[in-house]
Amino acid sequence: MASDGKQIDFMIHGLFSFSLFGQEIWITTSHASLLIIILLLIVFAWVARRRMMRAEPVPGAFQNVVEWIVEMIDRMIAGIMGDCSEWFRNYIGAVFLFLLTSNLSGLFGIRPPTADFGVTLGLGLISFALIQYFNIRHNRGRAFTDLFRPLPVLFPINLIGEVATPLSLSLRLFGNVLSGTVMMALVYGLMPIFLKLGFPAVLHVYFDVFSGCIQAYVFCMLTMVFTRQKMKEE
Amino acid sequence: MMSQITNEGLVLAFSALGAGIAMIAGLGPGIGQGIAAGQGAAAVGRNPGAKGDVTTTMLLGQAVAETTGLYSLAIAFILLFANPLLGRL
């Protein structure tokens with residue numbers, strides 16, 4: 001009845017490797033799914049742009065969806081950032097759409113690229129750079145002297161607190177998506193065949209749709225909240 | 001009897017145990033998220049007009065509270081699937 005666990009498969013597989021400057025580089029399933037998602041988003045953006053060039057006063061179905069997405073992202077950013085929301089629209093919008101698509105991609109049978117720590121660490125580092133850029137731009141020299149407050153002895157703790165931001169951002173996303181992926185692989189690998197047909201849909205709704213949307217939202221929100229904290233007037 | 005246990009077997013067995021023990025950390029986020037959800041429900045009951053804001057804040061807080069649990073999950077996954085201790089044998 002239940003299989004012996006040989007079919008459980010949620011690891012990242014190498015597709016092929018090549019050497020660059022004496023370093024062996026593997027192209028893995030994460031790259032493949034990243035490529036699929038990026039192509040999907042580029043095609044969507046291209047079609048949406050073509051369509052919005054000749055937007056009609058009474059929107060059709062597609063125009064409605066595009067306007068709804070843009071308005072939703074704008075509302076999300078304006079809720080946190082207030083008056084400086086224009087600076088964040090590009091980055092947050094792009095990251096939100098990318099995370100949403102890649103978290104939902106588990107529904108279509110490809111391994112979500114966000115279940116690879118390399119992808120989420122990259123996103124976390126970009127967010128960290130953004131946070132620190134706005135910190136230095138807004139606070140000038142105070143960005144560095146703030147590390148020695150309230151006491152100079154606390155400098156190591158403050159430094160660790162700053163460095164922990166990209167790690168916790170990326171680990172949160174990675175852990176959530178990976179746990180969903182592993183759980184679905186276990187369910188699919190261990191269940192008898194007649195249960196595989198209907199029952200996993202319930203788990204897909206929770207692990208892929210609910211958890212994926214929440215985590216995409218939380219990543220963008222936390223990036224903005226951390227930036228907002230740095231830009232706060234004292 | 002004891003001599004039949006290989007070094008690899010011992011390390012693997014205790015790694016599995018360690019993964020299980022690491023996941024005890026799941027208690028903390030569970031309690032924290034439950035408190036956040038309860039307070040959120042109380043806030044919506046007191047002021048139903050602010051349901052959207054309360055839900056957003058609650059989900060954000062819960063996601064932050066979840067982080068410690070995810071650290072332990074990462075440690076459990078490392079022990080189970082990418083065991084660093086086997087290389088030390």
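Contact here means heavy atoms within 4.5 Å. The model is predicted: local features need pLDDT of at least 70, side-chain atom pairs count only at pLDDT 80 or more, and totals for chains, interfaces and linings use all residues. Residues are numbered from 1 along each chain as its sequence is written, chains are lettered from A and ligands numbered from 1 in the order in which they are written, and side-chain values use heavy atoms, with hydrogens and water left out.

**Exercise 1. List the elements of chain A in order.**

Solution. Helices (H or I, at least four residues) and strands (E, at least two) are DSSP runs, numbered from the N terminus. Chain A has seven helices and two strands. Read from the N terminus, their order is β-β-α-α-α-α-α-α-α. Along the principal axes, the C-alpha atoms of chain A fill a box of roughly 65 × 55 × 40 Å.

**Exercise 2. Compare the span of α6(A) with the expected one, and locate its bend.**

Solution. The expected span of a helix is 1.5 Å times one less than its number of residues. For the 36 residues of α6(A) this gives 52 Å, and the end C-alpha atoms are 50 Å apart, so the two agree. Next comes the bend, which is the angle between axes fitted to the seven residues ending at a residue and the seven starting there. α6(A) bends by about 35° at Ala164(A), and Pro166(A) follows within four residues.

**Exercise 3. Do the same for α7(A).**

Solution. Helix α7(A), residues 200-231, has 32 residues. From first C-alpha to last it reaches 45 Å, close to the 46 Å expected. A bend of about 30° lies at Ser211(A).

**Exercise 4. Describe the interface between chain A and chain B.**

Solution. Start with the residues: 17 of chain A are in contact with 13 of chain B. Then take the buried area, the accessible area (1.4 Å probe) that two parts lose on being put together, summed over both. The two chains bury about 1300 Å² between them, 81% of it on carbon and sulfur atoms. Leu171(A), Arg172(A) and Tyr217(A) supply 30% of the area that chain A buries against chain B, more than any other three residues. The elements giving two or more residues to this side of chain A are α6 (155-190) and α7. The largest share, eight residues, comes from α6(A).

On the other chain, Leu59(B) is found in helix α3 (residues 51-65) of chain B. Leaving aside neighbours within four places in sequence, Leu59(B) is in contact with Ile214(A) and Val218(A).

**Exercise 5. Count the salt bridges between the chains and in the whole structure.**

Solution. A salt bridge is a side-chain nitrogen of Lys or Arg within 4 Å of a carboxyl oxygen of Asp or Glu. Between chain A and chain B there are zero. The whole structure has two over all chains. One of them joins Asp74(A) and Arg89(A) at 2.8 Å, N to O. Asp74(A) lies in α2 (residues 61-81) and Arg89(A) in α3 (residues 86-104) of chain A, 15 residues apart.
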